[in-house]
Amino acid sequence: MRIKFLGHACVQVIGSKTILFDPYLTGNPVAAAKAADVQADYILLTHGHGDHLGDTVAIAKRTGAKVVAMVELANWLSQQGVDAMGMNIGGSYQFEDGLKVKLVPAWHSSQLPDGAPCGLAAGFIFWLDGKCLYHAGDTGLFGDMREVIAPHDLDWAFIPIGDYYTMGPADALCAARWLNAKNYLPIHYNTFPLLKQDAAAFKAAVEQNTPAKCAVLQPGGECEA
């Protein structure tokens, strides 16, 4: 399995299935791929803000990918002609092809680019090819990271460090302590000047203060899971 960082919060996990998160590519100043070139079997969408919804509709229609999202957001996507499955916080689903997903809380707002509400923001725990991974989505620090998410024995956690709209590095380090994942990938930083952060310093802090490893990937970079 490989993990590829495409910029902002867009992560592609490539194993027996290709999972794409929050495909904000068009208009993303640091995007490492074009929407027309990205492949996906599933798109897991954490919330409806434009920098996460991004190119979901175009990619899903071109590839036939199934989109999994909060039920209100999934209903809107279905109206756009997308194969979308709506879930809610705490729910899980086992697909026949081996992927399992679970929606977990994220402390953040969610609305469509036109301002219409579309349910809660969420994070995803997912299981593929014997690995358990967590994409936190946009979120602040919250105690259920320790009580609800950490017990899943995470191999990887993708967590935001950009601050302002999400956790900054100090809160993300606390999250890393609580989540107790084996590996971390910082996301949602350096896309815009407002989100400027030193990912190398965050990596050093994680590896000095937890037993975990932290991968810092430039947009387009990838690593083995």
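## Charges over rings

A good place to start is with Arg146, which lies over the face of Trp178, at 4.4 Å from the ring centre. A similar arrangement involves Lys100, found over the face of Trp127 at 5.0 Å from the ring centre. Please keep in mind as you explore that this is a predicted model.

## Aromatic pairs

Rings also meet other rings here, and the count comes to 7 aromatic pairs. One of them joins Tyr42 and Phe95: the ring centres are 4.8 Å apart and the planes stand at 50 degrees, so this pair is tilted. It links distant parts of the chain, since Tyr42 belongs to strand β4 (residues 42-44) while Phe95 sits in the loop between β7 (92-94) and β8 (100-105), 53 residues apart. Both Tyr42 and Phe95 are buried.

Tyr164 and Tyr165 make an edge-to-face pair, with 4.9 Å from centre to centre and 80 degrees between the planes. These two tyrosines, Tyr164 and Tyr165, are exposed. There is also an aromatic cluster to look for, formed by Phe21, Phe124, Phe126 and Phe158.

## The nonpolar cores

In soluble globular proteins, nonpolar side chains tend to be buried together. In this model the largest nonpolar core has 29 residues, and those touching the most other members are Ile3, Ile19, Val68, Val101, Phe158 and Leu185. Strand β9 (residues 122-128) gives the most to this core, contributing 4 residues. Apart from this core lies another, of 27 residues, including Tyr134, Leu179, Phe202 and Ala205.

Val101 is worth a closer look. Not counting residues up to four places away in sequence, Val101 touches Leu44, Val68, Met87, Gly91, Ser92, Tyr93, Phe95, Phe124, Ile125, Phe126 and Trp127.

## One side of helix α3

Which residues of helix α3 (residues 71-79) are buried? They are Leu73, Ala74 and Leu77. Around the axis they cover an arc of only 100 degrees, which puts them on the same side of α3. The spacing fits a general pattern: an α-helix has 3.6 residues a turn, so residues three or four places apart point the same way.

The buried residues of α3 pack against two helices and two strands, namely α1 (50-53), α2 (56-63), β5 (66-70) and β6 (84-87). After α3 comes Gly81, whose phi is positive, near 90 degrees.

## Two partly exposed residues

Ser92 has its place in strand β7. With 43% relative accessibility, Ser92 counts as partly exposed. Leaving out residues up to four places away in sequence, Ser92 touches Met87, Lys100, Val101 and Lys102. Ser92 and Ile125 are 33 residues apart in sequence, and their C-alpha atoms are 8.9 Å apart in space.

Gly15 is in the loop between β2 (10-14) and β3 (18-21). Its relative accessible area is 33%, so Gly15 is partly exposed. Setting aside neighbours within four places in sequence, Gly15 is in contact with Met1 and Asp129. From Gly15 to Gly123 there are 108 residues in sequence and 20 Å in space, C-alpha to C-alpha.

## The annotated domain

Finally, a word from the records. An unreviewed UniProt entry carries the annotation "domain: Metallo-beta-lactamase", which covers residues 7-188. In the model, the end C-alpha atoms of residues 7-188 lie 8 Å apart, and the span is 21% helix and 29% strand.

How values were computed: Residues are numbered from 1 along each chain as its sequence is written. This is a predicted model: local features need pLDDT of at least 70, side-chain atom pairs count only at pLDDT 80 or more; totals for chains, interfaces and linings use all residues. Side-chain values use heavy atoms; hydrogens and water are left out. Rings of Phe, Tyr and Trp (its six-membered ring) pair if their centres lie within 6.5 Å; planes under 30 degrees apart count as stacked, over 60 as edge-to-face and the rest as tilted. Buried means under 20% relative accessible area, exposed over 50%, partly exposed in between (1.4 Å probe, protein chains only). A charge sits over a ring if NZ of Lys or CZ of Arg is within 6 Å of the ring centre and within 35 degrees of the ring normal. The arc is that of the directions from the helix axis to the C-beta atoms. Contact means heavy atoms within 4.5 Å. UniProt positions are given in the numbering used here, feature names are shortened, and annotations may be inferred rather than shown by experiment. A nonpolar core is a set of buried Ala, Val, Leu, Ile, Met, Phe, Trp, Tyr and Cys residues joined through side-chain atoms within 4.5 Å.
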